[in-house]
Amino acid sequence: MKTQDRQTIWVEAVSYEDLAVNTGKTIRYQGEEVALFKMKSGKLTAIQNRCPHKEGVLAEGIVCDEHVFCPMHDRKIHLPSGLVQAPDTGCVQTYSTKVHEGTVFIGF
């Protein structure tokens, strides 16, 4: 199901209850690939699923606090901002999320 909110298209992704804590889930929509995470606090974050370094799949990375570590070369990416942490550089796109009646939506 898709709904439109101003410029954002909200795409149904998954049931909130089906998301494991601190484990990424890959969501695909029209050629875009997003890594969706449910944090320990219950908050959701969604980022571009490929590391800017060597395109490692971030949904397969290890989550610690508000960061995910790329499974290929251990780049540390801040989930809320998408910024790669120093001394490395780069960033990934972030996506808005919302939950409606137990279903997670991602904003494109």
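## Ring and charge contacts: worked exercises

The charged end of K38 lies over the ring of Y16, at 4.1 Å from the ring centre, where a charge counts as over a ring if NZ of Lys or CZ of Arg is within 6 Å of the ring centre and within 35 degrees of the ring normal. The model is predicted, so that local features need pLDDT of at least 70 and side-chain atom pairs count only at pLDDT 80 or more, while totals for chains, interfaces and linings use all residues. Residues are numbered from 1 along each chain as its sequence is written, and side-chain values use heavy atoms, with hydrogens and water left out.

**Exercise 1.** Find the aromatic pairs in the whole structure and describe their geometry.

*Solution.* Rings of Phe, Tyr and Trp (its six-membered ring) pair if their centres lie within 6.5 Å, and planes under 30 degrees apart count as stacked, over 60 as edge-to-face and the rest as tilted. By this criterion the search finds two aromatic pairs. For Y29 and F108, the ring centres are 4.8 Å apart and the planes stand at 45 degrees, so this pair is tilted. Y29 belongs to strand 3 (residues 25-29) and F108 to the segment after strand 10 (103-107), 79 residues apart, strands being DSSP runs of E of at least two residues, numbered from the N terminus. Y95 and F108 form a tilted pair, with 5.3 Å from centre to centre and 55 degrees between the planes. As a last step, the ring pairs link Y29, Y95 and F108 into a cluster.

**Exercise 2.** Determine whether Y29, Y95 and F108 are buried or exposed.

*Solution.* Buried means under 20% relative accessible area, exposed over 50%, and partly exposed in between (1.4 Å probe, protein chains only). Y29 and F108 are both buried, and Y95 is buried as well.

**Exercise 3.** Trace the salt bridges and state which residues join into one network.

*Solution.* A salt bridge is a side-chain nitrogen of Lys or Arg within 4 Å of a carboxyl oxygen of Asp or Glu, and the structure holds three salt bridges. R28 meets E33 at 3.4 Å, N to O, and R28 is exposed, with a relative accessible area of 61%. E33 also bridges to R50, with the closest N and O atoms 3.3 Å apart; R50 is partly exposed at 31%. The bridge between D88 and R75 has its closest N and O atoms 3.6 Å apart, and here D88 is partly exposed at 26%, whereas R75 counts as buried at 17%. Through shared partners, R28, E33 and R50 are joined into one network.

Terms used
Helix = DSSP H or I, 4+ residues; strand = E, 2+ residues; numbered from the N terminus.
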